[in-house]
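Me: I should like to learn how to read the features of a protein model in an orderly way. Could you take me through an example?

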Amino acid sequence: MAGILAGALLLSACSSGDDGGSPAGGDPASGSAAPSDTPVAVTFEPAGGTAVNPAMPIVVKAANGKLLDVTVTNPAKGKTVAGKLAADGSSWTSTEPLGYGATYKIVAHAQGSNGKPVEQANQITTLSPKKQANANLIPAPSAVASTGVGVGQPIVFSFGKVAVKNKAAVEKALTVESTPKQEGGWYWIDDSNVHYRPKEYWKAGTTLKVTAKIYGVDFGGGVFGAEDRTETYKVHDSWIAKADGNTEQMQIFHNGQMVKSMPISMGKDATPTHLGAHVISDKQANYTMDSCTYGVCPPDPKAYRSNEKWSERISNDGEFVHENPNSVGQQGSSNVSHGCINLNDANAQWFFQNMGLGDVVEVTNSGGPQLPVWDLYGDWSKSWPDWQAGSAIK
């Protein structure tokens, strides 16, 4: 009996560990820290430094705890940057863009899961562009707000005297949303001007939402976008004039139906009217036409200067549709103008009253060359594949 009892005691002693240590599971006082003891970790994006892009939002995050508040200030101006704290306190994100060439101080207050408060600070300085580029829209939205634009109207962003080097980056920041949806694309006319047109003329009644999110976009050469812009255009009824140099007639179509035909005189052999689709860009009841505006000045025999009524510009090198009493005898029979489309007074007034900005004048059989794509709104001279090739995004 004593032997059995001694064996049991020996077995019991062996089960508690053969190294004489603590029981299985360890001593909490000497083991790893519990999760509740881990301090909160606050991180900043961007992490700090200079030459930060001001379009990049400031993001502050908390791990092993939560953010209580975040303050971002521009000490030079004493302004606070707006931001939003996540409902669970895991992050804070600025909700307004920063300024160029400014320093911002960031202070975050957080609380760990252990209940201990923490304050963390950071500082960033945004980049200073050599020059800022504005997204100028043509036509000016305010100029056509009440009238709308015609079905041939391209949307033009002009960046003034800025030569855009990073065309693809800028183009990606530009959008045109059409309702109803229509296929369209961008074409760089030159280094400072990019045009957008649909594959075919706009559908009558289309709404166009045009956006340039260029703030913070690197144009190249130290130039950055000045500010974002969003505008809306409305396309009115379809008005298309078809001027034929063989018949010396111009037919007017309203929403696809011919509503009027009128005799015309186009450019003579020495100054033929350009072929192709022209888009009306301006209209003046009285306008002084001066060939000097496109480089033909006295004593050049081709120079001229005259006041004309009911004038609507269809290209940038002196082509208009307008009234000309001096060519009434030739209207309907021969071409005698300097490149314009001449009408009699009654027809010119009717055309002026019904046709406007963005409406189309298609010229055929004039004996002239194709209207160049760069000639203000020569956009329709390009086939759709050639137009798409003018995009900087490949």
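Reply: The following dialogue moves from the domains to the strands, and then to a helix and single residues. Please bear in mind that this is a predicted model.

Me: Let us begin with the overall division. Into which domains is the chain divided?

Reply: The assignment gives domain 1 (41-125), domain 2 (131-236) and domain 3 (239-364). For domain 1 and domain 3, the C-alpha centres are 62 Å apart.

Me: How should I read a sheet, and in what order do the strands of the sheet containing strand 1 and strand 6 lie?

Reply: One reads the order of the strands, then the sense of pairing, then the edges. Here four strands make up an open sheet, in the order 1-3-7-6, with antiparallel pairing. Strand 1 (41-45) and strand 6 (83-85) are its edge strands, each pairing on one side only. With direction ignored, neighbouring strands of this sheet are turned by 10° against each other on average. Within the sheet, strand 3 (residues 59-63) and strand 7 (residues 91-94) run antiparallel and are joined by three bridges. Lys-61 has Ser-91 of strand 7 opposite it.

Me: Strand 9 also interests me. How does strand 9 run relative to strand 2, parallel or antiparallel?

Reply: Strand 2 (residues 49-52) and strand 9 (residues 117-126) run parallel, with two bridges between them. In this pairing, Val-52 is opposite Thr-126. Strand 9 also pairs with strand 8 (residues 103-112), here in the antiparallel sense and over nine bridges. Tyr-104 faces Ile-124 of strand 9 across that pairing.

Me: What lies between strand 8 and strand 9?

Reply: The two strands form a hairpin with four residues between them, and Gly-115 in the turn has a positive phi of about 85°.

Me: Where else can I study hairpins, and what should I look for?

Reply: One looks at the number of bridges, the residues in the turn and their phi angles. Strand 20 (residues 239-244) and strand 21 (residues 249-254) pair in the antiparallel sense over six bridges, and Ala-243 is placed opposite Met-250. Their hairpin has four residues between the strands, with Glu-248 in the turn at a positive phi of about 55°. Strand 21 then continues to strand 22 (residues 257-263), again antiparallel and with six bridges. Gln-251 is opposite Ser-261 in strand 22. This second hairpin has two residues between its strands, and Asn-255 in the turn shows a positive phi of about 50°.

Me: Which strands form the sheet on which helix 3 packs, and how are they ordered?

Reply: That open sheet has four strands in the order 24-25-26-27, with mixed pairing. Strand 24 (282-290) and strand 27 (341-343) each have a single partner strand, so one side of each is left without a neighbour in the sheet. The twist averages 40° from one strand to the next. Strand 25 (residues 305-313) pairs with strand 26 (residues 320-323) in the antiparallel sense over three bridges, and Lys-309 is opposite Glu-323. Helix 3 touches strand 24, strand 25, strand 26 and strand 27, and its direction makes about 45° with that of strand 25.

Me: How does one recognise the two faces of a helix?

Reply: An α-helix has 3.6 residues a turn, so residues three or four places apart point the same way. In helix 3 (residues 345-354), the buried residues are Asn-347, Ala-348, Phe-351 and Phe-352. These residues are on the same side of helix 3 because they cover an arc of only 135° around the axis. The face turned away from the buried side carries the exposed residues Ala-346 and Gln-353.

Me: Which residue caps the N-terminal end of helix 3?

Reply: The cap is Asn-344, with a side-chain oxygen 3.3 Å from the backbone nitrogen of Ala-346.

Me: Finally, how should I describe a single residue? Is Thr-211 buried or exposed?

Reply: One gives the element, the accessibility and the contacts. Thr-211 is in strand 16 (residues 207-212). Thr-211 counts as buried because its relative accessibility is 11%, under the 20% cut-off. Beyond its neighbours within four places in sequence, Thr-211 is in contact with Phe-157, Ala-173, Leu-174, Thr-175, Arg-229 and Thr-230.

Me: What does the same approach give for Gly-65?

Reply: Gly-65 belongs to strand 4 (residues 65-74) and counts as partly exposed, at 31% relative accessibility. Not counting residues up to four places away in sequence, Gly-65 touches Val-40, Gln-111, Gly-112 and Ser-113.

Methods: Residues numbered from 1 in each chain as written. Predicted model: local features only at pLDDT ≥ 70, side-chain atom pairs only at ≥ 80, totals over all residues. Heavy atoms only, no water. Buried < 20%, exposed > 50% of the residue type's maximum accessible area, 1.4 Å probe, protein only. Arc of directions from axis to C-beta. Polar contact = N/O pair within 3.5 Å; in protein donor to acceptor, adjacent residues only side chain to side chain. Contact = heavy atoms within 4.5 Å. Pairing = 2+ DSSP bridges. Axes fitted to C-alpha atoms, helices over the stretch in contact; angles between N-to-C directions. Domains from an automatic or database assignment.
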